[in-house]
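The exercises below are meant to be worked through with the sequence and the coordinates open side by side. Each task is followed by a solution that proceeds step by step.

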Amino acid sequence: MRISSYGRTTVTSRMRASVRAEIVRSAACLLAFAGCICIADGGLAAPPAAHALTIDDVLDITRIDRVALSPDGELVAVAVQRPARAGEVFGRTAYEVDPGRSDIWLISLKTGHKRNLTQGRELAAGFWCPSWSPDGSKLAMLSTRPEPGEPRGGNNVRIYLWDRSGEQLRRLSSAAVTTQTRYGSPMRPLDLRGGAAGQSVHRCSDEENAPFLWLDQKRLLAVILPDGQVSGLIDEYARPVDQTARTSEALRAGSLAT
């Protein structure tokens, strides 16, 4: 592994102003999106009639996971978690924080136009952790989207790229990337710093750092898993059981000391 050092960043008044502007734009975006949060496949859904809270109401909650402002300040990429409805894939991780049923929405700060860029519901695919290239021409993200021959809901987490000019969304590599399990220990976070973003760490959520970063407008650095391994998101619940089974087999075979 090659470790590169980066110079210390000096925070200037211009940088502070830029950060404040980004916060204001992001807040405006969230307010605009919240005004249309009841979005159905055919358009805006009418607010439900008042009634006592039910389990279905809880499972139908739609929430904003993360936002990413484009460098030119024109677009905001918003990771929005879909409701926990029939047809989704469950049992991998806690349903309430599962990014495996999220989509990336694009919101224009000029016109307020919103659109679901990834449309993952049909394949039970998740898209999250949006990150713009330094020039704003591309948007990288994590996804479980299955390609032909892969099971519904996907079998791993990989990096996808959306090209802003060609409106194309494609998988960059079949290699799986590591992911942190949300509700995991803060002692085990990924910590990729430097690159085009300087010293900052790109966050997928408050509990998950991105397993990739932009080195420049054409290159991404990613933490790739060895062949045959799966991301923590996919088998958070199954991994302890599988490890126990392997350990038991090794003990019975006499290949592992007690």
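**Exercise 1.** In which strand is the place of serine 143? Determine also the surroundings of serine 143 in this predicted model.

*Solution.* Begin with the secondary structure, where serine 143 is found in strand β8. Next consider accessibility: the relative accessible area of serine 143 is 1%, and because buried means under 20%, the residue counts as buried. Then look for polar partners of the side chain, one polar atom of which lies 2.9 Å from the backbone nitrogen of arginine 145. Finally, set aside the neighbours within four places in sequence, and the contacts of serine 143 that remain are Gly126, Phe127, Trp128, Asn156, Val157, Arg158 and Tyr160.

**Exercise 2.** Work out the order of the strands in the sheet that contains β8, and identify its edges.

*Solution.* Four strands have to be placed, and they form an open sheet in the order β7-β8-β9-β10, with antiparallel pairing. The edge positions belong to β7 and to β10 (168-171), each of which pairs on one side only. From one strand to the next, the twist averages 25°. Turning to the pairing of β7 with β8, one finds 4 bridges in the antiparallel sense, and at the level of residues tryptophan 128 stands opposite leucine 142 in β8.

**Exercise 3.** How many aromatic pairs does a search of the whole structure find? Classify each of them by its geometry.

*Solution.* The search returns 2 aromatic pairs. For phenylalanine 127 and tyrosine 160, the ring centres are 6.1 Å apart and the planes stand at 75°, and since an angle over 60 degrees counts as edge-to-face, this pair is edge-to-face. Phenylalanine 127 belongs to strand β7 and tyrosine 160 to strand β9 (residues 158-163), so that the pair links distant parts of the chain, 33 residues apart. Both rings belong to buried residues, as phenylalanine 127 has a relative accessible area of 0% and tyrosine 160 likewise has a relative accessibility of 0%.

The other pair consists of tryptophan 132 and tryptophan 162, with 6.4 Å from centre to centre and 75° between the planes, and it too is edge-to-face. Because tryptophan 132 lies in strand β7 and tryptophan 162 in strand β9, the pair ties together parts that are 30 residues apart in sequence. Tryptophan 132 is buried at a relative accessible area of 8%, and tryptophan 162 is buried at 1%.

**Exercise 4.** Which cysteines does the disulfide join? Establish its handedness and the parts of the chain that it connects.

*Solution.* The structure holds 1 disulfide, in which cysteine 129 is joined to cysteine 204 with an S to S distance of 2.1 Å. The torsion about the S-S bond is about -70°, and the disulfide of cysteine 129 and cysteine 204 is therefore left-handed. Since cysteine 129 lies in strand β7 (residues 127-132) and cysteine 204 in strand β11 (residues 203-205), the pair ties together parts that are 75 residues apart in sequence. As for accessibility, cysteine 129 and cysteine 204 are both buried.

**Exercise 5.** Is serine 133 buried or exposed? Locate the residue and list its contacts.

*Solution.* Serine 133 is situated in the loop between β7 and β8 (138-143). With a relative accessibility of 1%, serine 133 counts as buried. Its side chain and that of aspartate 135 are joined by a polar contact of 2.7 Å. Once neighbours within four places in sequence are left aside, serine 133 is in contact with Pro71, Lys138, Trp214 and Gln217.

**Exercise 6.** Which strands stand at the edges of the sheet β3-β4-β5-β6? Describe the pairing of β3 with β4.

*Solution.* This is an open sheet of 4 strands with antiparallel pairing. At its edges stand β3 (63-69) and β6 (114-116), each with a single partner strand, so one side of each is left without a neighbour in the sheet. The twist averages 25° from one strand to the next. β3 and strand β4 (residues 75-81) run antiparallel and are joined by 6 bridges, and valine 67 has valine 78 in β4 as its bridge partner.

Terms used
Residues are numbered from 1 along each chain as its sequence is written. This is a predicted model: local features need pLDDT of at least 70, side-chain atom pairs count only at pLDDT 80 or more; totals for chains, interfaces and linings use all residues. Side-chain values use heavy atoms; hydrogens and water are left out. A disulfide is a pair of cysteine sulfur atoms within 2.5 Å. Helices (H or I, at least four residues) and strands (E, at least two) are DSSP runs, numbered from the N terminus. Buried means under 20% relative accessible area, exposed over 50%, partly exposed in between (1.4 Å probe, protein chains only). A polar contact is a pair of N or O atoms within 3.5 Å; within protein, one must be able to donate a hydrogen and the other to accept it, and residues adjacent in sequence count only if both atoms are side-chain atoms. Contact means heavy atoms within 4.5 Å. Rings of Phe, Tyr and Trp (its six-membered ring) pair if their centres lie within 6.5 Å; planes under 30 degrees apart count as stacked, over 60 as edge-to-face and the rest as tilted. Two strands pair if DSSP finds at least two bridges between them. Axes are lines fitted to C-alpha atoms, for helices over the stretch in contact, and angles run from 0 to 180 degrees between N-to-C directions.
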